[in-house]
Amino acid sequence: MAPSLMSRAVGLFQLSRAALLHRTRFYCQTLSEPLTVTQQSSGIRRIILNNPKKRNALSLSMLESLQENILTDVDSDDLRVIIISARGPVFSSGHDLKELTSDQGRDHHTRVFETCAQVMSLIQDIPIPVIAMVNGVATAAGCQLVASCDIAVATEKSTFATPGVNLGLFCSTPAVAIGRAVPRKVAMEMLFTGMPISAHDALLHGLISKVVPVEQLEEETLAIAQRVCNASRPVVALGKTAFYRQMAHSRDAAYITASKVMVDNLALRDGQEGIRAFIEKRKPVWSHKVENVHD
């Protein structure tokens, strides 16, 4: 059962890798620097938004580059956690408004928002935990990106806002992620007024996971990522998929779903290894493989 859950989750977001890679290369070649930079070591992939001159705006090309960075080898055993961060004083200012003028046309606008929705959904659909590492301003779709991540660590100077209403473009798509992360009345105040909230208020309301001084951001985020890496990959993947699935259900239906997943988890080789290790008072030795020891 567990392998089918994993394959189903991966199946949700498989795209045409060749076509996507072609588009990403084209966009990167037209710029002096790539829109995103990736680094991977010891199971941790870091994706860095790399367009500070444009406030790391989530242009269509930026979204497609981010999408490719997330999807590349996402089912590899070597990938255990993803960290999304940004260069410059702005994490992301949201969509590139130059792409949203009438000159671009309705079809282009549709493509922008469809791609954005795919990326935000992808972050939660993949079996790998995704952490936002925020140092600075996150507005509109940039705030949506933070809200879509599984975990978010921010510095004390970071702020979060959905100011689209003040520009005549209500932040309806950011509201999908933000409305599922913070209480409704907090979300509505952010959406109706466009006023930013501080990192501490964002923490209080559940938009982010932790607030740290600037000098501790990297250390704290990597520490969380390392703790994720210390767990069994298939166990974490199974748990993440089940969490988002049950959250969409009523309480009773959620318990049915979660109980079945617990049984599937117990059938995993790593599930049994963890229990045996606890009983035997030793550290578990994870296989990190989706293998069942019983039906």
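So, to start: in which hand, left or right, does α3 pass α4? It's a left-handed crossing. Before I go on, a reminder that this is a predicted model.

Let me stay with that pair for a moment. Helix α3, residues 60–71, packs on α4 at an angle of about 30°, and the two axes are 10 Å apart. Angles under 35 degrees count as roughly parallel, so α3 is roughly parallel to α4. On the α3 side, the contact is made by Leu60, Leu63, Glu64, Leu66, Gln67, Ile70 and Leu71. Facing them from α4 you'll find, among others, His108, Arg111, Val112, Thr115 and Cys116. If you sort the residues of that contact by type, you get ten nonpolar, four polar and two charged.

Okay, now the other partner of α4, which is α5. The axes of α4 and α5 come within 9 Å and cross at roughly 20°. That angle makes α4 roughly parallel to α5. This time, though, α4 passes α5 in a right-handed crossing. From α4 the contact uses Cys116, Met120, Ile123 and Gln124, and α5 brings in Ala141, Gln144, Leu145, Ala147 and Ser148. Here the split is six nonpolar, three polar and no charged. By the way, Cys116 and Ile123 of α4 also turn up in the contact with α3.

Right, pockets. How much space lies in the largest pocket? About 650 Å³. There are 27 lining residues, and the closest to the centre are Gln124, Ala147, Ala177, Arg180 and Tyr244. You've just heard two of those names: Gln124 and Ala147 both sit in the contact of α4 with α5.

Which elements build that lining? At least two residues each come from α4 (106–125), α5 (141–148), β7 (151–155), α6 (172–178) and α10 (233–247). The largest share is from α4, with six residues. By type, the lining is 18 nonpolar, seven polar and two charged.

Then there's the second largest pocket, with about 350 Å³ of space. It is lined by 20 residues, and His95, Leu97, Leu100, Ala140 and Leu169 are the closest to its centre. In this one the largest share of the lining comes from α6, with three residues. The lining divides into twelve nonpolar, six polar and two charged.

So if you take one helix home from this, make it α4: it packs on α3, it crosses α5, and it gives the largest share of the lining of the largest pocket.

Methods: Residues are numbered from 1 along each chain as its sequence is written. This is a predicted model: local features need pLDDT of at least 70, side-chain atom pairs count only at pLDDT 80 or more; totals for chains, interfaces and linings use all residues. Side-chain values use heavy atoms; hydrogens and water are left out. On a 1 Å grid over the protein atoms alone, a cavity is a set of points where a 1.4 Å probe fits but cannot get out, and a pocket is an open set with protein on both sides within 12 Å along at least five of seven lines; lining residues have an atom within 4 Å of a point. Grid points are joined across faces, edges and corners, and a volume is the space filled by probe spheres set on the points. Helices (H or I, at least four residues) and strands (E, at least two) are DSSP runs, numbered from the N terminus. Ala, Val, Leu, Ile, Met, Phe, Trp, Tyr, Cys and Pro count as nonpolar, Asp, Glu, Lys and Arg as charged, and the others, Gly among them, as polar. Axes are lines fitted to C-alpha atoms, for helices over the stretch in contact, and angles run from 0 to 180 degrees between N-to-C directions. Angles under 35 degrees count as roughly parallel, over 145 as roughly antiparallel, 65 to 115 as roughly perpendicular and the rest as oblique. A crossing is left-handed if the near helix is turned anticlockwise from the far one by less than a right angle, and right-handed if clockwise. Contact means heavy atoms within 4.5 Å.
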